[in-house]
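I opened my notebook to get to know a new structure. I wanted the overall picture to come early, and then a look at one residue.

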Amino acid sequence: MRQWFALKCTGTLLLLGLLTACAQSPQILSVSPKVSGGFPQAGNGQSVSLEVVDGRDSSVIGTRSGTASATSTITVEANDVIPKIRSQAENALRGMGFNPTSQNNGGPSLTLTLAELDYARGTAEQPMLGASQLQAIIQADVANGNNTYKGRYTAKRSQSYALKPDWDTNNRMVSELLSNALDRTFRDQQLANLLAR
């Protein structure tokens, strides 16, 4: 009987250890930002040279535990996110009446830089809850002839939770965050006006 009880306790501890390890394992996200529309109708079929670059220091955006040295990293790789941002930027430019291209023919150009993408530990207002602070910053550099314009567009999100978010939840939150930053970028009337000039 004692052996059975000891075996049962050992099995329970192993299971709890495994669940804890899984809950804190690294996550490599595959985000899917989407622009929502409602952008200024400024273009008249003009070609716009579009470039999208990653300006972050690291593809690691934070950790699930909130501590900097933790192994429970959350990663968004540049080779995954940058083409998706480019695709959505092309959709936004087409919706504004422009013709996005990768060729720079001396006309208007737009460079988008993913300047920041952060997932940090926040402060929960209720006991027993954890919290995360998410932030994305996109920088836009527009050039048209001798005229230039620079804008920085920030999207923030605070999220409280009782259990640490799983891969699906984090993927959705970061996707929505990037979508918000892109929407802010392309709703800038000054950016649209200079591209159309």
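I began with the surface. The model is a predicted one, and its accessible surface comes to about 10,900 Å². I looked up what share of that belongs to carbon and sulfur atoms, and found 52%.

Next I checked burial. The protein has 197 residues, and 41% of them count as buried.

Then I turned to secondary structure. I found 4 helices and 8 strands. Following the sequence, I wrote down the order as α-β-β-β-β-α-β-β-β-β-α-α.

I also asked how contacts are spread along the sequence. Taking contacts between residues at least 6 apart, I noted that 74% join residues at least 24 apart.

Now for my chosen residue, Trp167. I located Trp167 in helix 3, which covers residues 167–186.

Is Trp167 buried or exposed? Neither word fits: its relative accessibility is 34%, so Trp167 counts as partly exposed. My reasoning here was that buried needs a value under 20% and exposed a value over 50%.

Which residues does Trp167 touch, once neighbours within four places in sequence are set aside? I listed Gln27, Ile28, Leu29 and Ser30.

I looked at Ile28 again for a polar partner. Its backbone oxygen lies 2.8 Å from a polar atom of the Trp167 side chain.

My last entry concerns Pro26. Pro26 and Trp167 are 141 residues apart along the chain, yet I read 9.4 Å between their C-alpha atoms.

Technical notes
Residues numbered from 1 in each chain as written. Predicted model: local features only at pLDDT ≥ 70, side-chain atom pairs only at ≥ 80, totals over all residues. Heavy atoms only, no water. Helix = DSSP H or I, 4+ residues; strand = E, 2+ residues; numbered from the N terminus. Buried < 20%, exposed > 50% of the residue type's maximum accessible area, 1.4 Å probe, protein only. Contact = heavy atoms within 4.5 Å. Areas by Shrake-Rupley, 256 points an atom, 1.4 Å probe, with all protein chains shown as cover. Polar contact = N/O pair within 3.5 Å; in protein donor to acceptor, adjacent residues only side chain to side chain.
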